[in-house]
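Okay, thanks for making time, everyone. I'll put the structure up and then we'll walk through it together.

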Amino acid sequence: KQWYQRRVRGLSISFSGPIPLEEYFDILDTRFELRQRQRSYREMLSQRAQQFRAVQRRLLARYKDKTPTPLQNMDTLLEGTYQQILAIGDADLQTTKALELADYQLSTATKLLLLLVRLWCPSLTDKGAAV
């Protein structure tokens, strides 16, 4: 910053247009929706994992029995639950990546918004414009 102030003394930069708040709020909304989706995926993942463990326990109990009883499609239920866990895990991973991108976008948009406000109102000091 000191280099900038020493090198360019006669240059004045200003901004007179409207502050792009609508785009900023769109970025905020997108990030909020992604966080909600991530929370939903993690809750579903927790539920499916609990179901998976319950089916596993029941199957193990049947296998340990000295008198074998039919599985009553519990093996199919175990396989289906496992596939659901994998699918939800993949969706959560994709949402996490999208959320990381949304975080970067929000950070950049916030910095740009602060810069525009400083240019729009040059009377703000660095101390008054700090977040």
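Let me start with a question for the room: does Asp92 count as buried or exposed? Have a look for a second. Asp92 counts as buried, because its relative accessibility is 10%, and the cut-off for buried is under 20%. Keep in mind that this is a predicted model, and I'll come back to Asp92 when we get to its partner.

First, the layout. The protein has 4 helices and 0 strands, so going by DSSP runs, the order from the N terminus is simply α-α-α-α. Helix 2 covers residues 21-64, helix 3 covers 74-120, and helix 4 covers 126-129. Of the 131 residues in the protein, 16% are buried.

Now, the salt bridges. How many turn up in a search of the whole structure? The search finds 2. One of them brings us back to Asp92, which pairs with Arg42, and the closest N and O atoms there are 3.2 Å apart. Asp92 lies in helix 3 and Arg42 in helix 2, so this bridge ties together parts that are 50 residues apart in sequence. The two partners sit in different burial classes, because Asp92 is at 10% and counts as buried, while Arg42 has a relative accessible area of 44% and counts as partly exposed.

The other bridge is between the side chains of Arg31 and Asp103, at 2.4 Å from N to O. Again we have distant parts of the chain being linked, with Arg31 in helix 2 and Asp103 in helix 3, 72 residues apart. Here both ends are partly exposed: Arg31 is at 23% relative accessibility, and Asp103 is at 32%.

On to the nonpolar side of things. As a general point, nonpolar side chains in soluble globular proteins tend to be buried together. Which residues make up the largest nonpolar core here? That would be Phe52, Val55, Leu59, Met74 and Leu78, 5 residues in all. Helix 2 and helix 3 are the elements that give two or more residues to this core, and helix 2 gives the most, with 3 residues.

There is nonpolar surface as well. Leu21, Phe25 and Leu28 make a nonpolar patch of about 250 Å². Take Leu28 as one of that group: Leu28 sits in helix 2, and at 31% relative accessibility Leu28 counts as partly exposed. That value qualifies for a patch because the cut-off there is over 30%.

Helix 2 also has a hand in the charged surface. A patch of negative charge gathers Glu22, Glu23, Asp26, Asp29 and Glu33. Asp26, for instance, is in helix 2, and with a relative accessibility of 41%, Asp26 counts as partly exposed.

Next, a backbone detail, over in the loop between helix 2 and helix 3, where we find Asn73. What is phi of Asn73 near? It is near 60°, a positive value in a residue other than glycine. For context, most residues other than glycine have a negative phi. Asn73 counts as exposed, because its relative accessibility is 58%.

Last stop, two pairs that are far apart in sequence. Leu116, in helix 3, is 96 residues away from Pro20 in sequence, yet their C-alpha atoms are 9.1 Å apart in space. Leu116 counts as buried, at 11% relative accessibility. Then there is Cys121, in the loop between helix 3 and helix 4. Cys121 and Ser16 are separated by 105 residues in sequence and by 9.0 Å in space, C-alpha to C-alpha. Cys121 counts as partly exposed, with a relative accessibility of 28%.

So if you rotate the model later, try following helix 2 and helix 3: the pairs to look for are Arg31 with Asp103 and Asp92 with Arg42, plus the core that both helices contribute to. Okay, that's my tour, and I'm happy to go back to any of these spots.

Definitions and conventions:
Residues numbered from 1 in each chain as written. Predicted model: local features only at pLDDT ≥ 70, side-chain atom pairs only at ≥ 80, totals over all residues. Heavy atoms only, no water. Patch = residues over 30% accessible without salt bridge, like charges linked within 9 Å, V, L, I, M, F, W, Y side chains within 5 Å. Areas by Shrake-Rupley, 256 points an atom, 1.4 Å probe, with all protein chains shown as cover. Salt bridge = Lys/Arg side-chain N within 4 Å of Asp/Glu carboxyl O. Lys, Arg positive; Asp, Glu negative; His and termini not counted. Charge placed at Lys NZ, Arg CZ, Asp CG, Glu CD. Buried < 20%, exposed > 50% of the residue type's maximum accessible area, 1.4 Å probe, protein only. Core = buried A, V, L, I, M, F, W, Y, C linked by side-chain atoms within 4.5 Å.
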